[in-house]
Number of protein chains: 2
Amino acid sequence: MVNETQHTCSASSSSRSDGGSSSGSESSKDNSRCSTPVHDADRHERLREKMRRRQDAGDKWFSLEFFPPRTANAAVNLISRFDRMGAGGPLFIDVTWHPAGDPGSDKETSSMIIANTAVNYCGLETILHMTCCNQTKDDITGHLQKAKRLGLKNIMALRGDPAGEEWEEEVDGFNYAVDLVKHIRNEFDDYFDICVAGYPKGHPEAESYEADLRHLKEKVFAGADFIITQLFFRPETFLKFMKDCQAIGITCPIIPGIFPIQGYHSLRQLVKLSKLEVPQEIKDVIEPIKDNDAAIRNYGVELAVSMCRELLDSGMVHGLHFYTLNREVATTEVLKRLGIWKEDPRRPLPWAVSAHPKRRVEDVRPIFWASRPKSYIYRTQEWDDFPNGRWGNSSSPAFGELKDYYLFYLKSKSPREELLKMWGEELTGEESVFEVFTCYITGEPNRNGYKVTCMPWNDDPLATETNLLKDQLEKVNRRGILTINSQPNINGKPSTDPIVGWGPSGGYVFQKAYLEFFTSSEIVTALLKVLKKYELRVNYHIVNVKGQNITNAPDLQPNAVTWGIFPGREIIQPTVVDPVSFLSWKDEAFALWIEQWAKLYEEESPSRMIIQYIHDNYYLVNLVDNDFPLENCLWQVVEDTFELLN
Amino acid sequence: MVNETQHTCSASSSSRSDGGSSSGSESSKDNSRCSTPVHDADRHERLREKMRRRQDAGDKWFSLEFFPPRTANAAVNLISRFDRMGAGGPLFIDVTWHPAGDPGSDKETSSMIIANTAVNYCGLETILHMTCCNQTKDDITGHLQKAKRLGLKNIMALRGDPAGEEWEEEVDGFNYAVDLVKHIRNEFDDYFDICVAGYPKGHPEAESYEADLRHLKEKVFAGADFIITQLFFRPETFLKFMKDCQAIGITCPIIPGIFPIQGYHSLRQLVKLSKLEVPQEIKDVIEPIKDNDAAIRNYGVELAVSMCRELLDSGMVHGLHFYTLNREVATTEVLKRLGIWKEDPRRPLPWAVSAHPKRRVEDVRPIFWASRPKSYIYRTQEWDDFPNGRWGNSSSPAFGELKDYYLFYLKSKSPREELLKMWGEELTGEESVFEVFTCYITGEPNRNGYKVTCMPWNDDPLATETNLLKDQLEKVNRRGILTINSQPNINGKPSTDPIVGWGPSGGYVFQKAYLEFFTSSEIVTALLKVLKKYELRVNYHIVNVKGQNITNAPDLQPNAVTWGIFPGREIIQPTVVDPVSFLSWKDEAFALWIEQWAKLYEEESPSRMIIQYIHDNYYLVNLVDNDFPLENCLWQVVEDTFELLN
């Protein structure tokens, strides 16, 4: 392959040297020390390197293909699916290119923006498809530049379907995928990993199977890094294809495209598009059950599992690529049956890591956005560098404004009617708000029988970890300490702990207890008196919507509240309470009262005025108990406050 | 004062703002985040700021004056005194300028180099005196540039004594200290903190006391930051002087110079030089006991203590400056009696922090140089920036060569004869070397009755912390595991722990167990077999003098082995095992066998050949037990190794 020797990241160079003199040279290369830390090869390698490393380690993997949705609502759903299916540990996902759907635009449904979301907000290694036929060089370069700008690192280079019957080759135009591969390598050097399509039965328009193999070889020799194949129905089809590829000198990874049959109609449509023929033995099974969706899906799963097993057992296949058709059930089922779906994926950090190359060193974030990571990523996307190892004295962390609360990936997944049912069609006072918070914590239905599964500050039900604090949280929310973020103290649990663990195994994770809530000025006054007793132990920041700010934090320094100690690594401290960022967060936290809650109600309505009153008068408070080895004292602080008030 | 408003470091700006809107502005200042961490105001403030902060906090302090020694041996002793007296917590020390002693040269006894050593190697805030009379502008600028280059930040600007009788004012020359102050401010802007001398009785050459006060005011208004006074014998002398200064508008700190009388002759000499008169009541006491040094010193201590108490009690004095005459006992005694000597100084980090401004952010070092911090500082002095928060992936830490083993501040404090008594006049085999190591550990006399109080790798007796491991260390050294560095595991002891504590109070400190030793290839072979059992728990690096290197460290990443968790701070990890730096350290560690030990013996002598054999054939090994909450397994590793060998 052309670029076999051009790999750049040398961070994970060989760690053992059992012989030979390697002492002198290291110390004389450079005038000063270099300080790019490496702590997770997975985050620093490019896709082709990850693939090779998995293959070398005999580690089987899978990838998932999605197409861009038609509507904004479908996009919100697809992104949730990315989060859920991403948890299973795909090596990458890919997003197809729909020329008819304005694929390079900024629309929330475009291929470009969906791939951007997968990379930046869901932290998934992503391949963006791109077709070239009927497009100008400038258009294509523009798309590639945009992809690069957004942090996309992998392109699937395709010809695409010619529009209309009378398509003719253009001189110097983009007539074939190979032209696009060459163009990418010419214009972007080695920046992108390039994938191309292989056709186990030969491309339907190719003169012959052999001619098609030669075209494939051209694409690879023009600079493609690996091949994903069109779907096929029999394992031997793929294995023969692979051998034929190798025979003519194609040595890059070839990944079989797996299509679990999920329904009669989708199969027929796909077959029509791909001009493949369904083998008779499959037709024989499917025709009699064609009206029974469940039966067809079960059969599809069976068939896919047995084919995948045969491929993996051949020893020639290390990864499987799934055509999901944007559905979850069948693919997940196949992956689970194959044992390559990661039930309990190891989190490298306690929050989801973004896959943008600029953010690859990022390993510290303020705790405030713990439940709104997409908002954090959005608001910091313009940063030139990201905190790494240490948050530092962020005297000027320039958080972007979060003006458009309906930015689609920050939009509530629930429609207005549902939110009203959860948060109250009509509020009668601050107490009705306390009730909503309490129901969210307890998981009990509210007075109208609806469960409160999300809040303006938490789009998902309570985290498992927060469940550890459930009883205490319920008690305080009932009394008007409206909690939006919290974590228990942890004094050295194994990094593999199913609830609080993260990072490589063999380590220990720690936390300081944290509690963040809105509350009335009356409670704040009492709280401040109580906090005097805890001055040396508890750090606090208390701020209202106008920015009145009370704190005992020394010198505006950040306080590390989550950290991990690992074998052979430096300390990692992924979460901090940063006093300066807190002021950016408070704008967002207060605004959510209005944007997500108050605006559900008519202007001037009592319900809206109640939320507005809270927004205008309550304080946002955060508390850290620094003495992590002792029992969390924050509950006592709150208890003392209530006592003082009585 | 002129430069009252020019303070630069804004890191420790006010942390509380109990009112007023401060939210919006923070987030819009800059395009990206800033990440200069602040974790120890003491390390980041300039001297005048430290002084002001101490005064504001009502915190009394002291400083110590030394003069440059005459010989290299005296310099080695003075540096040890810096280390010992530095432990008492002076706010600064100052080094006088001896025009006759080539004060700006690179000689190991020059004022410049002594001050450099105090700052860079002993981590002491230091003022370098500088006189100006009879010097050219270029000379002076050269001295100042050199001082700046070496990391000196404070100058005591003096006129100096005119050479010869017929000194005359030069037009445009440096005739008075004020000329030097102006020159420093002109040429170096606000870089230096400038101190000037005050004369409580008036300068002997001044026309009058009042005229001298006006000269002092000129020096302050020309840019001096504070005043240190000439010695005086009665507290009222100083207090009157201070009031007179304030009356004419001198508002900067004025620090009384305290001279504890230490002997009859030194007093007489000083009085002669300073042209002061000893009050009759003092003469009356001293004359009768003038031949009893101890009695005079006791009286001197009494007198100094009572005078200092009166000064401090006046409320006008916050710091005391001691003319030590390069002696320890009297000054230390006075300071202890006053209660301002810090018996157990809080270490900001587990190693002594260098006071060079370039190193002010430094807070991570490789553990290898733990017993040779001066060597580490020397070898990294050319670095442009220092690790901070994280060591990083130091693929090319360019350590300077340590060619001159007789570099004076790295020289053994003991002369050759003493070393021979400790390490053996004649070695009979490797076992005699084992014995030396064992005696160093146990503190027992060797077979010739001499205690081994230092080793080539450890210039001081065993650290208190290492004492925790004494029994184990003794056992393994007897058998040829020749330990040169070790630390026990610590699972969260209070940061105020007298043995292992460091950093601000209220925190917790942690360590991974560490063991570093030389040993034979036979033992290494067995050790490697044993280490297989501990693969997931113990990281090791094993290297011989030729650089053959065996390790299981992943990706050449550093391993944090000391860290601390503090209230309201980020995590600090001051010590790491860095695989790359280890290779630079091993050159030094192996060379010390030859340079410090082998060369004590005649060439070709059996003793020398034994050390040479060890140098050529032994391995340097380091082991880290990553599982810090469990009992240290490294002793078991060594035990298993010996068992395997038997």
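**Exercise 1. Strand 14 of chain A**

Task: In this predicted model, find which residue of strand 18 of chain A is the bridge partner of A:V543, then place strand 14 in its sheet.

Solution.
1. The bridge partner of A:V543 in strand 18 is A:L620.
2. Strand 14 (residues 538–544) and strand 18 (residues 619–625) of chain A run antiparallel and are joined by 7 bridges.
3. Both strands belong to an open sheet of 5 strands in chain A, with the order 10-13-18-14-15 and antiparallel pairing.
4. Strand 10 (482–487) and strand 15 (549–551) of chain A are the edge strands, each pairing on one side only.
5. On average, neighbouring strands of this sheet are turned by 10° against each other, direction ignored.
6. Helix 19 (residues 521–533) of chain A lies across strands 13, 14, 15 and 18, and runs at about 155° to strand 14.

**Exercise 2. The barrel of chain A**

Task: State how many strands the closed barrel of chain A has and in which sense they pair.

Solution.
1. The barrel has 8 strands, running 1-2-3-4-5-6-7-8, with parallel pairing.
2. From one strand to the next, the twist averages 30°.
3. Strand 2 (residues 92–95) and strand 3 (residues 126–131) of chain A pair over 3 bridges in the parallel sense; A:V95 has A:L128 as its bridge partner.
4. Helix 12 (residues 293–313) of chain A lies across strand 7 (254–258) and strand 8 (319–323), at about 170° to strand 7.

**Exercise 3. Strand 1 of chain B**

Task: Determine which residues of strand 1 of chain B point one way and which the other, and name the strands that pair with strand 1.

Solution.
1. B:W61, B:S63 and B:E65 point one way, while B:F62, B:L64 and B:F66 point the other way.
2. Strand 1 (residues 61–66) is mostly covered, with 6 of its 6 residues buried.
3. Strand 8 (residues 319–323) of chain B pairs with strand 1 in the parallel sense over 5 bridges, and B:F62 has B:L320 as its bridge partner there.
4. Strand 2 (residues 92–95) of chain B also pairs with strand 1 in the parallel sense, over 4 bridges, with B:E65 opposite B:D94.
5. Between strand 1 and strand 2 the chain passes through helix 4 (residues 72–86) of chain B, and this β-α-β crossover is right-handed.

**Exercise 4. Two salt bridges in chain A**

Task: For the pairs A:R48 with A:D193 and A:E435 with A:R447, decide whether each residue is buried, partly exposed or exposed.

Solution.
1. A:R48 and A:D193 form a salt bridge at 3.8 Å, N to O.
2. A:R48 is buried, as is A:D193.
3. A:R48 lies in helix 3 of chain A and A:D193 in strand 5 (residues 193–198), so this pair ties together parts 145 residues apart in sequence.
4. In the salt bridge between A:E435 and A:R447, the closest N and O atoms are 2.5 Å apart.
5. A:E435 lies in helix 16 (residues 430–442) of chain A, and A:R447 in the loop between helix 16 and helix 17 (464–467), 12 residues apart.
6. Buried requires under 20% relative accessible area and exposed over 50%. A:E435, with 30%, is therefore partly exposed, whereas A:R447, at 67%, counts as exposed.

**Exercise 5. The largest nonpolar core**

Task: Name the residues with the most contacts inside the largest nonpolar core.

Solution.
1. The core has 170 residues, and those with the most contacts inside it are A:W593, A:W597, B:W593 and B:W597.
2. Residues that B:W593 touches include B:V433, B:F437, B:W457, B:F518 and B:H615, leaving out residues up to four places away in sequence.

Definitions and conventions
Residues numbered from 1 in each chain as written. Chains lettered and ligands numbered in written order. Predicted model: local features only at pLDDT ≥ 70, side-chain atom pairs only at ≥ 80, totals over all residues. Heavy atoms only, no water. Buried < 20%, exposed > 50% of the residue type's maximum accessible area, 1.4 Å probe, protein only. Helix = DSSP H or I, 4+ residues; strand = E, 2+ residues; numbered from the N terminus. Pairing = 2+ DSSP bridges. Right-handed = clockwise from strand over helix to strand, strands pointing away. Axes fitted to C-alpha atoms, helices over the stretch in contact; angles between N-to-C directions. Contact = heavy atoms within 4.5 Å. Core = buried A, V, L, I, M, F, W, Y, C linked by side-chain atoms within 4.5 Å. Salt bridge = Lys/Arg side-chain N within 4 Å of Asp/Glu carboxyl O.
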